[in-house]
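I opened the notebook to look up a few local features of this model, one at a time. The entries below follow the order in which I went through them.

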Amino acid sequence: MFLHGTSRINESGHLEIGGCDTVQLANQYGTPLYIVDEQLIRQKMRAFVGAFEKTGLPFQVGYASKAFSTLAMCRIVDEEGLLLDVVSDGELYTALHAGFPAERIYFHGNNKSPFEIEYALDAGIRLFVADNFIELEMLQVLAEQKGKKANVILRVSPGVEAHTHAYIQTGQEDSKFGFDLSSGQAHQAALQAYHASHLNLEGFHCHIGSQIFETEAFRLAIDKMARLAKECYEQYGIQTRILNVGGGFGIRYEENETPRPVEQYVQTIASAVTRAFQRLPQIPEIWIEPGRSIVGEAGTTLYTIGTVKEVIGVRKYVAVDGGMTDNLRPALYQARYEAMLANRAAEEADETVSIAGKCCESGDMLIWDIELPRVTQGDLLAVSCTGAYNYSMANNYNRIRRPAVVFVQNGEADLVVERETLQDIISQDRIPKRLLRKEQVKTNESQLSKTL
Ligand SMILES: Cc1ncc(COP(=O)(O)O)c(C=O)c1O
Ligand SMILES: N[C@@H](CCCC[NH3+])C(=O)O
């Protein structure tokens with residue numbers, strides 16, 4: 001397994017992250033356990049900011065909450081001075097509850113509800129990334145009702161196909177996200193927003209997909225967005241003050257993968273924007289909003305190995321105490337991960353096994369064909385690079401409890417999300433009166449009265 005950030009193999013032959021022995025973490029917090037290397041997160045954020053500072057251009061780095069959102073994470077994003085991208089009332093609530101300043105939060109999403117829009121307007125967020133005509137109308141009406149002006153940038157689908165899994169491509173024309181560029185919808189939306197009495201159009205947004213290794217797709221998208229900005233300026237007098245080019249920068253899940261260094265993505269974006277906007281009155285403030293490239297490599301999931309089944313002459317299945325409930329990505333995108341035995345990290349691999357999850361789904365396989373030392377029940381498996389879209393996509397399939405999350409740094413571990421309890425699993429359930437057994441009626445009613 002490729003070791004990221006502060007991960008190393010310590011003198012006991014155990015995997016250590018942030019100065020904490022993962023075997024001790026497993027004993028203390030149980031498994032499955034998400035371990036997050038706080039120093040690596042901060043380092044990634046600073047790398048984006050530092051790379052932009054070198055360009056001398058106006059910029060803002062945002063963090064896409066969808067990759068991993070908790071109260072503690074919002075505190076770190078705030079301390080590092082980034083903007084925060086949210087896409088739901090839940091992400092907004094988390095941010096505000098963490099004390100994240102509303103004026104650095106902006107709201108994404110292709111189907112924002114009236115409640116979400118009102119909540120965000122009341123909170124006084126920085127802006128909305130408007131996705132479609134119905135939303136523009138809702139924003140105008142709700143802002144007017146509140147006697148406010150809503151700042152907006154328009155999400156545009158630029159018709160650029162990035163080379164990544166089809167389910168995480170978003171910039172192509174046939175997409176559920178954004179105003180289509182080629183049919184003239186984006187121009188029409190710009191005109192509508194510009195003339196709306198309670199909207200303040202500040203610019204444009206595009207996001208071409210996720211886990212992108214090439215830089216060419218970003219350049220192509222920026223060229224198209226600059227053409228849109230130029231046409232809007234020349235035809236309607238609209239000035240583009242912000243150009244948000246999204247996130248999507250690839251990371252190294254497997255040792256043989258070679259994503260570009262952050263500086264290279266930033267350099268490409270900065271020079272593409274400078275060149276493409278040279279005939280316009282001003283270079284817009286460049287925004288990016290990475291998620292995966294900030295938290296992905298910082299996460300490691302620790303599992304306990306349970307059963308082992310050998311299909312003679314075919315394959316050995318090694319089952320862990322989690323699976324598609326804590327990491328949906330292999331089942332959803334055929335995503336590949338690397339792993340090691342955390343308690344025997346220095347030992348040589350001597351067999352090929354496949355790692356199965358514990359859900360009642362044949363597709364619940366975390367890793368096919370991985371080389372490991374001969375495993376036994378009770379060994380600890382550490383799967384690397386699980387910081388992004390793991391905890392945030394975790395679910396309770398089979399009524400499995402979602403794991404705890406610990407942040408580690410300088411030898412200290414802080415529990416930032418508690419493991420769900422069995423009580424949590426039924427906490428939202430209600431039994432209708434007609435299904436209650438006699439002895440349950442009283443308890444249920446007293447519970448209900450407590451909730452009401
Ligand atoms: C609009 C938008 N911005 C930002 C992101 C974050 O992408 P990534 O985590 O690949 O950086 C996404 C997710 O793909 C997205 O849809
Ligand atoms: N959830 C996806 C990426 C996010 C897509 C959001 N536009 C993944 O795990 O890779």
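I began with isoleucine 9, and I found that its opposite number in strand 2 is leucine 15. The model I am reading is a predicted one.

I then looked at the pairing around this position, and noted that strand 1 and strand 2, the latter covering residues 15-17, are joined in the antiparallel sense over two bridges. Following the sheet outward, I recorded three strands in the order 1-2-3, forming an open sheet with antiparallel pairing. Strand 1 (8-9) and strand 3 (20-21) each have a single partner strand and stand at the edges, so one side of each is left without a neighbour in the sheet.

Next I turned to helix 2, which runs over residues 38-55 and has 18 residues; from first C-alpha to last I noted a reach of 27 Å, close to the expected 26 Å. Within helix 2 I listed Glu38, Leu40, Ile41, Lys44, Met45, Phe48, Ala51 and Phe52 as buried. Just after this helix, glycine 56 adopts a positive phi of about 75°.

For ligand 1 I looked up the surroundings, and of the 16 residues around it the nearest are Ala64, Ser210, Gly247, Gly291 and Arg292. By class, I noted that this shell divides into five nonpolar, nine polar and two charged residues.

Last, I checked Cys360, where UniProt, in an unreviewed entry, places the feature "active site". I located cysteine 360 in the loop between strand 17 (351-356) and strand 18 (365-372). Is cysteine 360 buried or exposed? I entered cysteine 360 as exposed, because it has 8 C-beta neighbours inside 10 Å, and a residue counts as exposed at 12 or fewer.

Terms used: Residues are numbered from 1 along each chain as its sequence is written. Chains are lettered from A and ligands numbered from 1 in the order in which they are written. This is a predicted model: local features need pLDDT of at least 70, side-chain atom pairs count only at pLDDT 80 or more; totals for chains, interfaces and linings use all residues. Helices (H or I, at least four residues) and strands (E, at least two) are DSSP runs, numbered from the N terminus. The expected span of a helix is 1.5 Å times one less than its number of residues. A residue is buried if 20 or more other C-beta atoms lie within 10 Å of its own, exposed if 12 or fewer, and partly exposed in between; C-beta atoms are placed from the backbone. Two strands pair if DSSP finds at least two bridges between them. A residue is near a molecule or strand if its C-beta atom, placed from the backbone, lies within 6 Å of it. Ala, Val, Leu, Ile, Met, Phe, Trp, Tyr, Cys and Pro count as nonpolar, Asp, Glu, Lys and Arg as charged, and the others, Gly among them, as polar. UniProt positions are given in the numbering used here, feature names are shortened, and annotations may be inferred rather than shown by experiment.
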